Amino acid sequence: MTTSINRRDFLRAAGLTGTGLLLGFSARANGSAQLVNLTEPNAVLSFELHPFIVIENTGSITLINHRPDMGQGSWQAVPMMIAEELEVSLDQIKIRQSDGLRKYGDQLSGGSSTVRTGWKRLREAGAAAREMFRQTAATRWNVPVDECYAEAGTIKHRPSGKSLGYGELADDASKLTVPQKITLKSKKDFKLLGKPLPRPDVPSKVTGKAVFGMDVSVPGMLYASIEHSPAIHGKIVSINDAAAKKIPGVKAVLKAERPMPHRTSEAVAVIATNYWAALQGRRALQVKWDNGNYEQTMDSGRYTARLKEAAKKPAAPYHTAGDVAAAFEAAPKKLEAQYETPFLAHAPMEPEVAIAHVKEDGSCEIWAPVQGPDGAIQSVSAYLKIAPEKVKVNVPFLGGAFGRKAYLDFVLEAVYLSQQMKAPVKVVWTREDDVTQGPFRPAMLSAMRGAVDAGGNLVAFEHKLIGESIQRQVFKAPLGEKADDWAAEAITPHESPYQIPNAMMGWRTVETDIPIVWWRSVYPSNSSFGHESFIDELAHAAGKDPLQFRLDLLQNAEGEVAGRFRNVLTQLREKSGWDAPLKPGQGKGVAIARSFGSTCAHAFFVTKQGSGVKIDRVVSVLDCGMYVNPDNVRAQTEGNIVYGLTAAIKSPVTFSDGRANQTNFHDYQVLRFHEMPKADIHLVENEEAPGGVGEPGLPPIAPALCNAIFAAAGVRIRKLPFDITNLTA
């Protein structure tokens, strides 16, 4: 949209007083963003404006966080990138969450992208404001600009010692055009970035003052608890709601719907004046379901059999080199193996919750902990067939998400019920709803084939990744026999730069009715297990140390990624004491993966204990380029260890007779505090552009652990999850 508005209307729409300085971004025709002064009297304004800096002449400084915080630290990271160049400290600013409007641009927290995408442009915004204040102060004092510098929200004149606060300069600065040439600070000059500063959101979360989705209430709000079909896509045959309607507080029982990207399922909602009544009413319902053919099609055992059948067929290649088949046949040592990863639930600590109010004027307001408020606006407007401008989204903190809350079925359920009840309705999912209804991390199969020659050199390598495509199911991509290019991450030479003369990495789609979506680290959480475990098998076949085997494969590899792989592995060797002798019964395993722009390697050390092993320690090296807060990076990597171990040794989600077998934390377990191994995390220091940190530490966890188990116990694990206390091949 390019519709222009006048300055007064824009300031009013932005909720500003009209005094001070407002900097943000305007979308260019080529899709890039141009930094603009939104308060300049002669500025040409449009609805495509993204204000990120608001400095009022009272001295108040507000910075916008445009990526919802689900625990990953965006509440600090986004304003910190601006504040560094603006020369203000975090205690001098207020942070405001964006509301999903297009003026803030892409607002999806996902793909470990917040810092990666904001690193340059947000710092440029802060630096531009700083330079405008310097210019304003120099003009007022009639001194050269070079004699003025910014410090702690003031401009100081070095020779005279005079100073002016940003608030005193804001009105005059607002009349300037944004400088075209902006010089960013060097890493050596950073005062905030790269420092282990406390996160500003933590105190409110510790004291209970922070507002999460479950905490929100609005006047006149009703509550809904929704009975979904156990077979997810089952059809309603009959509803007996007599007992439910007798529950005090129950207002209505409605046939409802759960709109998912690939289909809409039927449901029954109990609406009440309080949540307890809604839940009790739901439990009193008697609903008969027609499961159709889903008892046959939604069965994880049958699905795995289909994956294995598909492994016999050719894959759509991501990468080919040489002749794998010929090299495989000619080699003296050949290996073939299949690695299985299951469906998994996201299991955020806060289950799905949303309030929707479809109003009499046709507009709709949402209060929901969603990962992408701009996506929520688009989904709700499409669902209600109203203009996006008539939808408003309010985003509180998210109590965890891991990909689940980018899937907006629960929001649309609330919209549907609000429309029916003509009142604001709060939909609350139970833990059981979350675990049994999904969407889930897709189950996948890695079909591997490889060979080494008489000299122990890897001469053939094949990786066929087989499963349902998120692009196909969620985004309706017409893939057909084509490869899902999203699934190539972490396994093609671009991100796994081993030099192998004969290689093929490819994909094959096997469709399922089980709803899927991205799960923390998405496809690499599946593919790296087979990829790096099989490298270990080949190293063993070659009679080589697995870490040295990897370095040998990288020895002559060219390019930045290969160099960073070598450096991470070399640092891991040193930091972990890899070459030190182990005691009898001990074993060590290594794995490395690059995803979301970062490279991470883990070394696990385990000791055989009875029929299983215990994890002694894990040593991690992460190269994520320049980072915002090292404490947060380590915390994210610890979270990846927890999630990676959960996927490796805890519960899967399995389906029998069309329904999930697991229901709650008693049978879908997450790693407990006492099960967390000693973790020693090291960050690579360089001045490379930032990579992600929320997900890259997860993919190498399972293969590194399983490789260590093989070294200690001689048991090769090829199916996740497994019982670490009772190992079987």
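**Helix packing, sheet order and nonpolar cores**

Helix α18 passes helix α19 in a right-handed crossing, a term for the near helix being turned clockwise from the far one by less than a right angle, anticlockwise being left-handed. The model is predicted, so that local features need pLDDT of at least 70 and side-chain atom pairs count only at pLDDT 80 or more, whereas totals for chains, interfaces and linings use all residues. Residues are numbered from 1 along each chain as its sequence is written, and side-chain values use heavy atoms, with hydrogens and water left out. Helices (H or I, at least four residues) and strands (E, at least two) are DSSP runs numbered from the N terminus.

The two helix axes, that of α18 (residues 630–649) and that of α19, come within 8 Å and cross at roughly 60°, the axes being lines fitted to C-alpha atoms, for helices over the stretch in contact, with angles from 0 to 180 degrees between N-to-C directions. At this angle α18 is oblique to α19, the class that remains once angles under 35 degrees (roughly parallel), over 145 (roughly antiparallel) and 65 to 115 (roughly perpendicular) are set aside. At the crossing, N640, I641, G644, L645, A648 and I649 of α18 meet I701, A702 and L705 of α19, a contact being heavy atoms within 4.5 Å.

Helix α19 also enters the description of the interior. The largest nonpolar core has 68 residues, and L458, F461, F604, L705 and F722 are those with the most contacts inside it; such a core is a set of buried Ala, Val, Leu, Ile, Met, Phe, Trp, Tyr and Cys residues joined through side-chain atoms within 4.5 Å. With eight residues, helix α19 (residues 701–713) gives the most to this core. When residues up to four places away in sequence are not counted, L705 touches F604, V606, I615, L645, A648, I649, F722 and I724. A second core, separate from the one just described, has 51 residues and includes I55, W75, A125 and A150.

L458, named above among the core residues with the most contacts, lies in strand β23 and is buried, with a relative accessible area of 5% (buried means under 20%, exposed over 50% and partly exposed in between, for a 1.4 Å probe and protein chains only). Beyond four places in sequence, the residues that L458 touches are A451, V452, I500, P501, I535, L538, F549 and L553. For one of these, I535, which stands 77 residues from L458 along the chain, the separation of the C-alpha atoms is 9.2 Å.

Strand β23 belongs to an open sheet of five strands, ordered β16-β24-β23-β22-β17 and with mixed pairing, where two strands pair if DSSP finds at least two bridges between them. The edges are formed by β16 (316–321) and β17 (333–341), each of which has a single partner strand, so that one side of each is left without a neighbour in the sheet. From one strand to the next, the twist averages 10°. The pairing of β17 with strand β22 (residues 444–452) is antiparallel and runs over nine bridges, and Y339 has S446 in β22 as its bridge partner. Helix α9 (residues 300–310) packs on the sheet, where it touches β17, β22, β23 (458–467) and β24 (503–509), and its direction makes about 140° with that of β23.

Several backbone features were also identified. The peptide bond from G438 to P439 is cis, with omega near 5°, and P439 is placed in the loop between α13 (431–437) and β22. A further cis peptide bond runs from L720 to P721, with omega near -10°, and P721 is found in the segment after α19.

Phi is positive, near 55°, at K422, a residue other than glycine, and likewise near 55° at F596, again not a glycine. K422, in the loop between α12 (409–421) and β21 (425–428), counts as exposed at 71% relative accessibility, whereas F596, in the loop between β25 (586–595) and β26 (598–609), is buried with a relative accessible area of 7%.

Another loop residue, I386, lies between α11 (373–384) and β20 (391–394) and counts as buried at 19% relative accessibility. I386 touches G362, C364, S381 and V391, with residues up to four places away in sequence not counted, and its C-alpha atom is 7.6 Å from that of S363, a residue 23 places away in sequence.
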